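Visitor: Can you walk me through a few residues here? I'll ask as I go.

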Amino acid sequence: MAIREIRMEGDPILAKKCRKIEEVTPRIRELAQDMLDTMYEAGGVGLAGPQVGVLRRIAVIDVGEGPYVFINPVIVEKSGEQVGDEGCLSVPGKAGTVRRPEYVKTEAFDLDMKPVTVEGHGLFARAMCHEFDHLDGHLYIEKVEGGLHNVTYDNEEEEED
């Protein structure tokens, strides 16, 4: 389909709450595919509507288990705790330590507007929390413990800012 422009930190759209999707139209299907294409092209594991300038409750995630498209997702259960580095396609070249649940259970709709329940542990749970935060106008940098640090693309970290 198409690679969309990823909105960067400071863009006011990233701070806005998204509207629910009432029906999956051809435009929503196209948006979902564009978001997946954009995420893969940028080397990310998730992408949310506002990151491509669309204030709708849609997110895509692929942590290596195949792509998921979440429409109107709601986290209904979480447990445990994990602490680790997190980054974001809207905050390139930076990472920070964020505390997230180890396990997350989400209720959402798929592209046929059928209800789905998705459970995830580890990175998948982290990605769901991260992407769904975007839908409420929040970036991970609001939750960072100890500040952001620079990250190079070959996974070597540089000195802190």
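Guide: What follows is a short talk about selected residues.
Guide: This is a predicted model, in which local features need pLDDT of at least 70, side-chain atom pairs count only at pLDDT 80 or more, and totals for chains, interfaces and linings use all residues. Residues are numbered from 1 along each chain as its sequence is written, and side-chain values use heavy atoms, with hydrogens and water left out.

Visitor: Where does L31 lie?
Guide: L31 is in helix 1, residues 26–42. Helices are DSSP runs of H or I with at least four residues, numbered from the N terminus.

Visitor: Is L31 buried or exposed?
Guide: Buried, as the relative accessible area of L31 is 4%. The cut-off for buried is under 20% relative accessible area, with a 1.4 Å probe and protein chains only.

Visitor: What is L31 in contact with?
Guide: Leaving aside neighbours within four places in sequence, L31 contacts R4, V52, V54 and I58. Contact means heavy atoms within 4.5 Å.

Visitor: Switching topic, how many disulfides?
Guide: Zero. C88 is in none, and the nearest cysteine sulfur, that of C18, is 13 Å away. A disulfide is counted when two cysteine sulfur atoms are within 2.5 Å.

Visitor: Why no bond for C129?
Guide: Because the closest cysteine sulfur, in C88, is 14 Å from the sulfur of C129, too far for a bond. C129 is also buried, at 6% relative accessibility.

Visitor: And H130, what does it touch?
Guide: Not counting residues up to four places away in sequence, H130 touches E86, G87, C88, R100 and Y140. H130 sits in helix 2, residues 122–135.

Notes: Helices (H or I, at least four residues) and strands (E, at least two) are DSSP runs, numbered from the N terminus. Buried means under 20% relative accessible area, exposed over 50%, partly exposed in between (1.4 Å probe, protein chains only).
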